[in-house]
Amino acid sequence: MAREITQDGLELVKRFEGLRTQAYRCPAGVWTIGYGHTDGVQPQMEITEAKAEEFLRQDLTEAGEAVERMVHVPLTDHQFSALASFVFNVGAGSLQISTLLRRLNAGDYHAVPSELAKWVKATDPKTGQKVPLAGLVKRRAAEGELWLKTGLPDPFLNSPDMPQRVHADESRIVYQVTARSGLKLREGAGMTFDVLQVLPQNTRVFLIKEKDGWAAVDLQGDGVADGWMSQDFLMPLKE
């Protein structure tokens, strides 16, 4: 039997998706209906609230199955629900290539909220540019809060033990372009794919995925792959 999202997780998804019984285009230009349902949605489509609830349950089941399939470390119910909400929103493929998944499967549970916070951009259908959306910022924060929820009292709340000197975590691994003439960013992993742009020497990028000597890289640190580059001209750094 598939693992179910918690009530807190369900309410989070409903709150941020909202209920729409008529088809509409989301800010990224995708036809959507119900509680963020996109599969098979057509313009002028209409559904009942009961059907929207049915779609939501189906979509969350699929999202949860993806989480269970990809995450190889134990999760609490709240942690599972936070990731199910995330996958419901960004898709299983995005989780699969994410730094979040890599760090979590390495046992770095504390990295998840900050990794979630990177996924706040959507493509503007008018300009084709990736832009941050306030709704995504709030949703990622809510998912991060749910991830941290234990159901136990927080020892730091109203406590003299709350740290008053706080430091940023600057341990992220980045890569630097070493080619003197710059390095081509391509649409896919291979020389036959179109060139998107040429990145100058010393440009820093984040590695998302490796394939046959090629690297899918993130240029903006938002966890989204922007293209592929030859690994022969990338040098690992510590940011």
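## How H3 meets H7

In this predicted model, helix H3 passes helix H7 in a left-handed crossing. Residues 77-90 form H3 and residues 134-148 form H7, and the two helices pack at an angle of about 160°, with their axes 7 Å apart. Because angles over 145 degrees count as roughly antiparallel, H3 is described as roughly antiparallel to H7.

The H3 side of this contact is made by His-78, Gln-79, Ser-81, Ala-82, Leu-83, Ser-85, Phe-86, Phe-88, Asn-89 and Val-90, while H7 contributes Leu-136, Arg-139, Arg-140, Glu-143, Leu-146 and Trp-147. Sorted by class, the residues where H3 touches H7 are eight nonpolar, five polar and three charged.

## A residue inside H3

Is Ser-81, one residue of helix H3, buried or exposed? Its relative accessibility is 0%, and because buried means under 20% relative accessible area, Ser-81 counts as buried. When residues up to four places away in sequence are not counted, Ser-81 touches Ile-5, Thr-6, Gly-9 and Leu-146. Leu-146 is also one of the residues that H7 brings to the contact with H3.

## How H2 meets H3

Helix H3 also packs with helix H2, and here the axes come within 8 Å and cross at roughly 110°. Because angles of 65 to 115 degrees count as roughly perpendicular, H2 is described as roughly perpendicular to H3. The crossing of these two helices is right-handed, whereas H3 passes H7 in a left-handed crossing.

Which residues make the contact between H2 and H3? From H2 come Leu-56, Asp-59, Leu-60, Ala-63, Gly-64, Ala-66, Val-67 and Glu-68, and from H3 come Phe-80, Leu-83, Ala-84, Val-87 and Phe-88. Ten of the residues in the contact of H2 with H3 are nonpolar, one is polar and two are charged. Leu-83 and Phe-88 of H3 take part here, and Leu-83 and Phe-88 are likewise named in the contact of H3 with H7.

## The nonpolar cores

The largest nonpolar core has 37 residues, and the members that touch the most other members are Val-67, Val-71, Leu-75, Leu-83, Leu-95 and Leu-104. Helix H1 (7-17), helix H2 (49-70), H3, helix H5 (99-105), helix H6 (112-116) and H7 each supply at least two residues of this core. H2 gives the largest share, which is eight residues.

Val-71 offers a view of this core from one position: leaving aside its neighbours within four places in sequence, Val-71 is in contact with Leu-83, Leu-101, Leu-104 and Asn-105. Apart from the largest core lies another one, of eleven residues, and its members include Val-177, Ala-179, Ala-215 and Leu-234.

## The segment before H1

Ala-2 is found in the segment before H1, and at 31% relative accessibility it counts as partly exposed. Although Ala-2 and Gly-64 are 62 residues apart along the chain, their C-alpha atoms are separated by 7.6 Å. With its neighbours within four places in sequence left aside, Ala-2 is in contact with Thr-61 and Glu-65.

## Residues in two loops

The loop between strand S2 (31-34) and H2 holds Gln-44, which has a positive phi of about 70° although it is not a glycine. Gln-44 counts as exposed, with a relative accessibility of 76%. Glu-46 has its place in the loop between S2 and H2 as well, and at 57% relative accessibility Glu-46 counts as exposed. Glu-46 touches Thr-21, Gln-22 and Ile-33, if residues up to four places away in sequence are not counted. Measuring C-alpha to C-alpha, Glu-46 and Ile-33 are 7.8 Å apart in space and 13 residues apart in sequence.

Another loop, between strand S7 (195-199) and strand S8 (204-211), contains Asn-202. Asn-202 has a positive phi of about 80° although it is not a glycine, and with a relative accessible area of 46% it is partly exposed.

## The chain as a whole

The chain contains seven helices and eleven strands, and 40% of its 239 residues count as buried. Among the contacts in the chain with a separation of 6 or more, 54% are accounted for by residues 24 or more positions apart.

Conventions. Residues are numbered from 1 along each chain as its sequence is written. This is a predicted model: local features need pLDDT of at least 70, side-chain atom pairs count only at pLDDT 80 or more; totals for chains, interfaces and linings use all residues. Side-chain values use heavy atoms; hydrogens and water are left out. Axes are lines fitted to C-alpha atoms, for helices over the stretch in contact, and angles run from 0 to 180 degrees between N-to-C directions. Helices (H or I, at least four residues) and strands (E, at least two) are DSSP runs, numbered from the N terminus. Angles under 35 degrees count as roughly parallel, over 145 as roughly antiparallel, 65 to 115 as roughly perpendicular and the rest as oblique. A crossing is left-handed if the near helix is turned anticlockwise from the far one by less than a right angle, and right-handed if clockwise. Contact means heavy atoms within 4.5 Å. Ala, Val, Leu, Ile, Met, Phe, Trp, Tyr, Cys and Pro count as nonpolar, Asp, Glu, Lys and Arg as charged, and the others, Gly among them, as polar. A nonpolar core is a set of buried Ala, Val, Leu, Ile, Met, Phe, Trp, Tyr and Cys residues joined through side-chain atoms within 4.5 Å. Buried means under 20% relative accessible area, exposed over 50%, partly exposed in between (1.4 Å probe, protein chains only).
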